[in-house]
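Welcome! Take a look at the structure below, then try the exercises at your own pace.

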Amino acid sequence: MSLHHNQPKGLFLLFFVEMWERFSYYGMRALLVLYMVDFLRFSTEKSSHIFGWYTGLVYLTPLLGGYIADRYMGQRKAIVVGGTLMALGHFAMAFPPIPFFFGAMILLIMGNGFFKPNISTVVGSLYEENDPRRDGGFTIFYMGINLGAMFSPLVCSTLGEKVGWHWGFGAAGVGMVIGLAMYLWANKSLLGDKMMKPAKPQTNYWVPITMVAVMLLLLVGSAMQMNGYDIKGLIPNWVYGLTAILVLIGMAYAYASKPTKSTLTQVEKQRLAVIFIMVFFAIFFWSAFEQAGSSLTLFAKNETDRWISLFGYRWEMPVGYFQSLNPFFIVLLAPFFASMWVNLAEKGKEPSTPVKFAMGLGLLALGFVILIAAAAAYKQNGPVSMLWLVGAYFFHTLGELCLSPVGLSLVTKLAPAQFGSLMMGVWFLSSVAAGFVGGFFAGNYDTVEHTTFFMIPTATGLGAAALLLIMTPKIRKWMHGVN
């Protein structure tokens with residue numbers, strides 16, 4: 001069966017829009033830690049913590065953006081707001097002063113919150129409830145993500161590392177503008193009226209305004225704290241407590257104001273519980289996987305032989321190029337995985353979603369086993385071959401293909417209609433926790449012996465996979481026929 005067999009036309013618009021958005025995101029991500037270490041002269045620990053703060057919060061705001069789209073704005077308008085904020089953020093990175101750096105981070109974090117959950121939800125809206133094309137469609141969409149992610153480090157790292165950091169960040173901004181322009185040009189003709197308005201519109205606008213204001217205060221305060229200002233010392237503890245109480249009251253009121261007819265059934269509650277369980281296990285995957293932008297980037301920079309000799313000419317490969325390996329393997333292998341799941345389903349042998357997740361965690365651990373060997377080889381003989389990192393990224397990619405597109409598809413299948421984007425935001429919560437955990441873990445890279453360092457994600461990945469397999473029968477029961 002062809003991967004693109006009879007897929008909706010709107011899917012291919014969303015494919016290219018997401019491709020350009022990911023071009024901008026991954027181009028900037030490939031440069032971020034190197035920029036902080038080499039240009040801003042931050043320590044490895046501080047750079048890793050800021051990277052973790054950014055990659056964590058960039059997946060927290062989808063909870064906010066998904067909620068506002070579901071109830072006030074509609075998914076399609078939220079995509080435009082998000083794309084605009086991210087374009088501004090990337091261009092702000094093209095200016096050297098520190099306030100521009102942290103201002104850009106905040107614009108990118110907020111923009112991603114409006115863009116990320118809503119474009120995935122619009123993809124899900126293209127299919128009926130039991131449409132067999134859905135998983136294949138999400139895999140095509142996932143290829144768009146990774147096509148952008150594959151080319152962006154090649155463009156942005158070449159400009160950033162060889163010409164000037166701010167040229168690389170500017171190129172990421174251009175990519176976002178192209179994606180936004182494409183969406184504005186074709187969305188009405190290819191998507192019709194889908195997701196233009198909220199499923200259950202709300203009118204109490206003070207709730208989203210308060211939520212956005214609190215999120216901005218959190219972002220500005222934490223950015224200032226990371227840049228050396230003692231914000232905690234300036235603000236009395238009672239302010240934190242009062243803010244937390246106001247946020248909880250606001251959220252409680254927002255949920256209490258739901259129409260009575262949207263009360264969840266027992267089946268819907270158990271399906272929602274499955275989403276939360278899978279989010280928990282995804283944390284183990286992403287906290288290790290996100291080492292790609294921090295500790296693995298530093299391993300590539302300091303412990304890998306990146307010199308290539310050809311016809312007497314020697315060229316040192318930019319560090320950021322390694323960030324293209326994962327998306328390259330995804331673009332190569334995603335059609336095979338999509339066809340494989342369809343063929344196994346036709347034969348009645350397709351693994352359930354929890355088993356696919358466990359396979360992903362196991363393959364991730366195998367990638368870190370390769371890195372343990374690479375770190376041991378460096379200890380013995382100095383800089384190691386680039387093939388060690390190629391092998392690690394290959395197994396990490398196999399793991400990702402078992403977990404990430406499957407997880408996106410699962411959320412759209414299990415979430416009740418009125419909570420579609422909100423549950424997509426909850427799915428991204430796994431990346432919030434993973435960003436913080438992964439960033440703080442990477443902050444120890446200079447102080448922990450590297451073979452030991454890579455043993456930790458190996459052990460957590462294998463342990464999580466084993467626990468998930470034990471829980472699989474119960475999880476499948478709560479999915480109530482959804483696979």
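**Exercise 1.** Does His-166 count as buried or exposed, and why?

A note before solving: this is a predicted model, where local features need pLDDT of at least 70, side-chain atom pairs count only at pLDDT 80 or more, and totals for chains, interfaces and linings use all residues. Residues are numbered from 1 along each chain as its sequence is written, and side-chain values use heavy atoms, with hydrogens and water left out.

*Solution.*
- Buried means under 20% relative accessible area, exposed over 50%, and partly exposed in between (1.4 Å probe, protein chains only).
- His-166 has 18% relative accessibility, so it counts as buried.
- This residue belongs to helix H7 (residues 165–191); helices are DSSP runs of H or I with at least four residues, numbered from the N terminus.

**Exercise 2.** Which residues does His-166 touch, not counting residues up to four places away in sequence?

*Solution.*
- Contact means heavy atoms within 4.5 Å.
- On that basis, His-166 touches Tyr-35, Phe-39, Met-93, Ala-94, Phe-95 and Pro-96, with residues up to four places away in sequence not counted.
- Its side chain reaches the backbone oxygen of Met-93 at 3.1 Å.

**Exercise 3.** Compare the expected span of helix H8 (residues 206–226) with the distance between its end C-alpha atoms.

*Solution.*
- The expected span is 1.5 Å times one less than the number of residues.
- For the 21 residues of H8 that gives 30 Å, and the end C-alpha atoms are 30 Å apart, which agrees.
- Just after H8, Gly-228 takes a positive phi of about 105 degrees.

Terms used:
Helices (H or I, at least four residues) and strands (E, at least two) are DSSP runs, numbered from the N terminus. A polar contact is a pair of N or O atoms within 3.5 Å; within protein, one must be able to donate a hydrogen and the other to accept it, and residues adjacent in sequence count only if both atoms are side-chain atoms.
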